[in-house]
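Grab a pencil and have a go at these short exercises. Try each one yourself before you read its solution.

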Amino acid sequence: MDQVERLLAGIQAHSKEYIAISDGIWDRPEVAFCEKYASETLALYLRGQGFRIREGAGGLATAFTATYGAGGPVIGILGEYDALPGLSQAAGLSYRREAEPGGPGHGCGHNLLGTGAAAAAVALKEYLEQAGVSGTVRFYGCPAEESGCGKERLAQAGEFDGLDVCLTWHPGDENHVVCRPYLANVILTARFRGRASHAAAAPELGRSALDACELMNVGANYLREHVPPEVKLHYAYTDCGGYSPNTVPETSGLLYYVRSQRVAEAAAIAERLRKVARGAALMTETRLSFRIEHRMYDYIPNHTLGQIMDQAYRQVGAPRFTPSDQESAAVFRQAGGEGLALSERILPYQPSRECAMVSSDVGNVSYLVPTAQLYTCCYARGTPYHSWQLVAQAKGPAAHKGMLTAAQVLALTGLRLLEEPQRISEAKQELAAALEARPMPAGTQDPGN
Ligand SMILES: [Zn+2]
């Protein structure tokens, strides 16, 4: 058996453990920053495999790093494990039935993501052990991808310093290495405080915080006309000022997402929204509290790494599904067209400058370290993300197969980089060139916003 066969067989040999860990995390879904069970389970497993664990990475209770090896290159592997609120769903059922009424659920498959990434780290550790070569593998237990931007916090704390490359994956309905950028997303809150009063008896004494929110949204909707066409503004009320029309609302609040192709552009538009919010406060004689909560950077795909990962993917092959897997998936299928419910093809690696209409805190890492990520098919074609249909499938045999394939591709990519460290220098040069073409957002050094 050669080294590659041994690496891939190692993941298969541990597959029962990985499936049990992933299913265990699925069974106990935990939302952003509450992932106690998931982080402890993965950290415990990696400690048992000989990794050095550092808990509380970046000052976050449910973040950790697990490191094995010595010297360079240092390969980072990102794992996530947070669930989504309100998506509890019984496994395998194609109709809605909550497992726990009102509870959270793994609607993005991060139970698979964290476990598959940890499996890749273990395989690389086994390779380092056997080959006796220089190199370090570091698994990052990253909390709060869905909300909270966990990797932004880890990046600010310098947790990615010293890494040479970073690899990760995500469960999906196709097999491919990500070769397009993602949108940046600057997340901000605007809260207004006015003065409560009886809406009929003493309206002149009241100053409505809800009016301020509404006027801010009107201003933002006019702003849309004067931003680049790819910019997307979304807002939600986090505080509607109460439920009584007879009281002038004293407080009210909004949460805004500002998405754009570059984080600097999104941050600049967020500053224009600040002016809109100030205007709304001025008009309504309310007090504004405006905060940039998170800067989720646009994702920079590193094509040097992407091509190595794509080759590794083709060597490992797409996950192979049984007729019974296909049959179970068929009831969840939402996309039409030819072909099986579960994809067994690997899409071509065709780099494009066109942004995918998604955002991820992996983007923050991609500005610091050359980064590559892949998707493997774990779900029926067209299954929407953040849906109960996805939760239902994230504990099934197809999802397990996709997870193990992802672990193999990540591990083989890592092995190639350890064998050919000069490719890492190329990847770094590519990142340096990409960063030169990207202005940094103003005020990134100012944590007080
Ligand atoms: Zn996700």
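**Exercise 1.** How many residues of domain 1 are in contact with domain 2, and how many of domain 2 with domain 1?

*Solution.* Before counting, keep in mind that you're looking at a predicted model.
- Step 1: find the two parts. Domain 1 covers 3-181 + 298-436, and domain 2 covers 184-295.
- Step 2: count across the boundary. On the domain 1 side there are 6 residues, and they touch 9 residues of domain 2.
- Step 3: sort the domain 1 side by class. You get 2 nonpolar, 2 polar and 2 charged residues.
- Step 4: check the spacing. The C-alpha centres of the two domains are 36 Å apart.

**Exercise 2.** Work out why the protein can be called as compact as a globular protein of its length.

*Solution.*
- Step 1: list the building blocks, which are 13 helices and 11 strands.
- Step 2: compare two radii. The radius of gyration is 23 Å, and the globule rule gives 22 Å for 449 residues. Those values are close, so the protein is as compact as a globular protein of that length.
- Step 3: add the outline. The C-alpha trace spans about 85 × 50 × 40 Å along its principal axes.
- Step 4: look inside. Buried residues account for 53% of the 449.
- Step 5: see who meets whom. Take the contacts between residues at least 6 apart in sequence: 81% of them join residues at least 24 apart.

**Exercise 3.** Describe how helix 8 and helix 13 meet.

*Solution.*
- Step 1: decide what to report. Two packed helices are described by the angle between their axes and the distance between the axes.
- Step 2: read off both values. The axes of helix 8 (residues 303-316) and helix 13 (residues 422-436) come within 8 Å, crossing at roughly 135°.
- Step 3: name the arrangement. With that angle, helix 8 is oblique to helix 13.
- Step 4: pick out the residues. Helix 8 brings His303, Thr304, Leu305 and Ile308, while helix 13 brings Arg423, Glu426, Ala427 and Glu430.
- Step 5: class them. The contact has 3 nonpolar, 2 polar and 3 charged residues.

**Exercise 4.** Is Thr304 buried or exposed? Say which residues it contacts, too.

*Solution.*
- Step 1: place the residue. Thr304 sits in helix 8.
- Step 2: count neighbours. Thr304 has 20 C-beta neighbours inside 10 Å, so it counts as buried; the cut-off is 20 or more.
- Step 3: list the contacts. Leaving aside neighbours within four places in sequence, Thr304 touches Pro370, Arg423, Glu426, Ala427 and Glu430.
- Step 4: zoom in on one pair. Thr304 and Glu426 are 122 residues apart along the chain, yet their C-alpha atoms are separated by 6.8 Å.

Notes:
Residues are numbered from 1 along each chain as its sequence is written. This is a predicted model: local features need pLDDT of at least 70, side-chain atom pairs count only at pLDDT 80 or more; totals for chains, interfaces and linings use all residues. The radius of gyration is taken over C-alpha atoms; the globule rule is 2.2 Å times the number of residues to the power 0.38. A residue is buried if 20 or more other C-beta atoms lie within 10 Å of its own, exposed if 12 or fewer, and partly exposed in between; C-beta atoms are placed from the backbone. Two residues are in contact if their C-beta atoms, placed from the backbone, lie within 7 Å. Axes are lines fitted to C-alpha atoms, for helices over the stretch in contact, and angles run from 0 to 180 degrees between N-to-C directions. Helices (H or I, at least four residues) and strands (E, at least two) are DSSP runs, numbered from the N terminus. Angles under 35 degrees count as roughly parallel, over 145 as roughly antiparallel, 65 to 115 as roughly perpendicular and the rest as oblique. Ala, Val, Leu, Ile, Met, Phe, Trp, Tyr, Cys and Pro count as nonpolar, Asp, Glu, Lys and Arg as charged, and the others, Gly among them, as polar. Domain bounds come from an automatic or database domain assignment.
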